[in-house]
Amino acid sequence: MKHELQKVSKIVHEILNFYFLNSSKKTHITVENKEDRFEIIAKSDDVKCTQEQINEITKLLKTNRQREVEGHYWQLVGEDECNKEFNLVGIMTDESSVEFENGSLTIKLTRYKES
């Protein structure tokens, strides 16, 4: 369970980095530790990014979870200041949604626990 919590923390760190690097002044992140999954919701109303950036993030987060790859690379998440690790976040999560309208960005991620 220790590694599971560290992985969720890394995911949150990567999302927070993205918001900070895109001029967000106030970000609200909720992490729920449910019986079978973690749910992460990050929201900011003042993100300065392009629709192209949002499209790329959405694409990277839609990657299917790859447990075998995750086992080798999860520790790298959140270490790059250029926001290139959403692909790693994508392989560490099972479900995602990204909503962007008028500068308001909401990212929702679900990571199911291993049984």
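Over which ring does the charged end of K113 sit? The legends below take that up first and then walk through a predicted model, one close-up at a time.

**View 1. A lysine over a ring, and a loop residue close at hand in the listing.** The ring in question belongs to F38, and the charged end of K113 is placed over it at 4.8 Å from its centre. K113 also makes a useful landmark for E35: the two are 78 residues apart in sequence, yet their C-alpha atoms are 8.3 Å apart in space. You will find E35 in the loop between strand 1 and strand 2. Its relative accessibility is 79%, so E35 counts as exposed.

**View 2. The hairpin of strand 1 and strand 2.** Here strand 1, residues 28–33, pairs with strand 2 in the antiparallel sense, over 6 bridges. The hairpin that joins the two strands does so through 3 residues. Two positions help you to find the register: T30 has I41 of strand 2 as its bridge partner, and V31 stands opposite I40, also in strand 2. When following the side chains, it helps to recall that in a regular strand they alternate between the two faces of the sheet.

**View 3. The open sheet and a helix across it.** Stepping back from the hairpin, we meet an open sheet of 4 strands, ordered 1-2-4-3 and paired in the antiparallel sense. Its edges are strand 1 and strand 3 (95–101), each of which pairs on one side only. On average, neighbouring strands are turned by 5° against each other, with direction ignored. Helix 2 lies across strand 3 and strand 4, and runs at about 170° to strand 3.

**View 4. The largest nonpolar core.** This core has 23 residues, and I15, F86 and L109 are those with the most contacts inside it. Five elements are worth displaying, since each gives two or more residues to the core: helix 1 (2–21), strand 2 (37–44), helix 2 (51–61), helix 4 (86–92) and strand 4 (104–112). Helix 1 gives the most, with 6 residues. To explore the packing, try centring on I15: leaving aside residues up to four places away in sequence, I15 touches I40, A42, F86, I107 and L109. As a general backdrop, nonpolar side chains tend to be buried together in soluble globular proteins.

**View 5. A cluster of three aromatic rings.** How many aromatic pairs does a search of the whole structure find? The search finds 2. In one of them, the rings of F18 and Y19 have centres 6.2 Å apart and planes at 75°; an angle over 60 degrees counts as edge-to-face, so this pair is edge-to-face. F18 and Y19 are both buried. F18 also forms an edge-to-face pair with F86, at 5.5 Å centre to centre and with 80° between the planes. That pair links distant parts of the chain, as F18 is in helix 1 and F86 in helix 4, 68 residues apart. Like F18, F86 is buried. Together, the ring pairs link F18, Y19 and F86 into a cluster.

How values were computed: Residues numbered from 1 in each chain as written. Predicted model: local features only at pLDDT ≥ 70, side-chain atom pairs only at ≥ 80, totals over all residues. Heavy atoms only, no water. Core = buried A, V, L, I, M, F, W, Y, C linked by side-chain atoms within 4.5 Å. Buried < 20%, exposed > 50% of the residue type's maximum accessible area, 1.4 Å probe, protein only. Contact = heavy atoms within 4.5 Å. Pairing = 2+ DSSP bridges. Axes fitted to C-alpha atoms, helices over the stretch in contact; angles between N-to-C directions. Phe/Tyr/Trp six-rings, centres within 6.5 Å; stacked < 30°, edge-to-face > 60°. Lys NZ or Arg CZ within 6 Å of the ring centre and 35° of its normal.
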